[in-house]
Amino acid sequence: MTKARSYGQFPGAASPTILAPLKNSVFRSLWLATQVSSLGWLMQTVAISWLMTTISTSDLMVALVQASSTLPAFLLSIFAGAIADNFSRRTVMLAGRCVMATAFAILTVLLAMGVVNPWILLGLSFLAGCGVAFNDPAWQASVGDIVDRRDIPAAVVLISVGFNTIRSIGPALGGIVVASFGPFTALALATLGNLVPLVAIWRNRWPVRSSPLPREYLATAIYDGIRFTAMSLDIKAAIARGALLGVAGIAVLALLPLVARDQLGEGPVGYGVLMAGFGSGAFIAGICNTYLRRVLSQEILIATACLACAASSAFLAQTDSLAIAAFVLALGGAGWVTAWSGLGVSVQLASPRWVVGRSLSIYYAFTYGGIAIGSSFWGAVADRYSLAMALQGSAAALLLVVAAGAFLPIRRSHELDPNPLEGFSAPVLALNLKPRSGPIVVKMEYRIPEDNLEAFLTAMHERRRAQTRAGARHWNLQRDLQEVSRWTETFRTPTWTDYLRLNHRLTATDKELDDYVKQLHTGEHPPQLTLSIERPSTTIGKSDEFRPIVSHP
């Protein structure tokens, strides 16, 4: 009897330092340019948030500033991810950055003209968020194209740490600029800052693995991305926890202008100091992230980070001291960057290159959707009840995110390489198929002795998941009622191109599983593969697919 075994367990390389990705000149250029843009983004966040507090008396409208900039990611990210996987990610990044720069420029001009109200602020924040929705999946998906796979965790953490480190400078600088020169100057600087990554993206190019197959239709690409995500336990767990974290944990950032104004009696400079405290904690946690990932499991690390965020929210609700509030926010910033970078790394490493843009976009859709919902909800709680109640409620909700780890654990997945295995050759056909010909029916026949049956069924359960992730539809396993050792695996693909695309997506781990299943097979010949094109009996006429390929002497 052949015993079952595990698949794809490759020894992981030693964890690189957090600065290792910066040795790559393209990543370094884009990363540094992104920091300049992030500085401008945070300055405009301070300007818009503070401007909203001066022109609106509604706590809900203040909280909606955060929601308006994150809601587009929920609405557009899946579409943007499909575009990032099917078109040049560099071009998508350029387009997203142009939208962001346009939104900032329009708001700056309107503010200079004195034409501003709460709905204009929210509308242009939404437009800037649309640019982010297209840029972020393409930028994050490009990380795996630019740096080596072993450097991806460090690169993802660097991106998160970079942004959150700028929190220790940007808000304070934004507060000073707003207090000294007014919101117009802060918005003008933000507009100029967003031009820097545009130039960096324009000047840098990076190699991307090309596909020999035609580009997918967007509807099919979106369907394939959703299907892959639905079949990946690691990605589903990260998405669910990210959405919950967004709803529960965003209260601190969304309500921080109100904490500064109403609870602490501070102005824009005090608000900048609070944001600086948050960013300082994020910076320290980012520097320690590589070490923490080595000594703690991914789940424990994320649970601890959520507890830190909960403690920050609870203590912030009780203090009236700016210094204590900044210290408490440093704890929250450390937890915030640790949790989000851990979830982002999990999605990156569980996604092959062909679908990483879509899986990241689905992740962003749910997490940013959670942030938008949380911002609105906690703003409504503060408006109707009290600011302290909203912060304390957020702390309690974060404890539920920790508890969710019992059902949706985040696992370390860097030992597995999900990238496609090269070397597939299309089978020789006797019919003249076109790329869009189909549906294609695939059958694989096995002879399995009774002693190998348990191992075979276990392996086929994994094979179903692998084939379905790659594009197989209507997968099923059949047993012959008269010759019980004969088993038939069957699935369909919509077209011949989809069948080829499926095989180009299979990974080394999938190939290892395929070899293992073949070892369980007995008989004089290897498992028999049959490819057919499905046609209804009502088809009239003769198409090219039914004409055999004639070879001339």
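Modeller: Let's start with a term: a salt bridge is a side-chain nitrogen of Lys or Arg within 4 Å of a carboxyl oxygen of Asp or Glu. Keep in mind that this is a predicted model. Asp85, Arg89, Asp145 and Arg358 are linked in a network of salt bridges.

Colleague: Okay, what makes Arg89 and Asp85 a salt bridge?

Modeller: Their side chains come to 2.7 Å, N to O. The cut-off is 4 Å, so the pair counts.

Colleague: And why is Arg89 called buried?

Modeller: Arg89 has 9% relative accessibility. Buried means under 20%, so the label fits. Asp85, at 16%, counts as buried too.

Colleague: How do you know that Arg358 and Asp85 form a salt bridge?

Modeller: Check the N to O distance again: 2.8 Å for this pair. With the limit at 4 Å, that passes, so we call it a salt bridge.

Colleague: What makes this a link between distant parts of the chain?

Modeller: Arg358 sits in helix H15 and Asp85 in helix H2, 273 residues apart. Arg358 is buried as well, because its relative accessible area is 2%.

Colleague: Now the strands. Why is E3 described as largely enclosed by the rest of the structure?

Modeller: Strand E3 covers residues 486-493, and six of its eight residues are buried, so that description follows.

Colleague: How do you know that E3 pairs with E1 and with E2?

Modeller: Count bridges. E1 and E3 have eight, in the antiparallel sense, while E2 and E3 have five, also antiparallel. Pairing takes at least two bridges, so both cases qualify. For instance, Ile440 stands opposite Thr493 in E3, and Leu477 has Glu489 in E3 as its bridge partner. E2 and E3 form a hairpin, with six residues between them.

Colleague: Which salt bridge ties E1 to the loop between E2 and E3?

Modeller: That's Arg447 with Glu483, at 1.9 Å, N to O. Arg447 lies in strand E1 and Glu483 in that loop, so the pair ties together parts that are 36 residues apart in sequence.

Colleague: Why is Arg447 called partly exposed?

Modeller: Its relative accessible area is 26%. That falls between the 20% and 50% cut-offs, so "partly exposed" is the right label. Glu483, at 33%, is partly exposed too.

Colleague: Last one: which residues have the most contacts inside the largest nonpolar core?

Modeller: Leu255 and Leu316, in a core of 84 residues. Helix H15 gives the most to this core, with 10 residues. There's also a second, separate core of 33 residues, including Phe27 and Trp31.

Definitions and conventions
Residues are numbered from 1 along each chain as its sequence is written. This is a predicted model: local features need pLDDT of at least 70, side-chain atom pairs count only at pLDDT 80 or more; totals for chains, interfaces and linings use all residues. Side-chain values use heavy atoms; hydrogens and water are left out. Buried means under 20% relative accessible area, exposed over 50%, partly exposed in between (1.4 Å probe, protein chains only). Helices (H or I, at least four residues) and strands (E, at least two) are DSSP runs, numbered from the N terminus. A nonpolar core is a set of buried Ala, Val, Leu, Ile, Met, Phe, Trp, Tyr and Cys residues joined through side-chain atoms within 4.5 Å.
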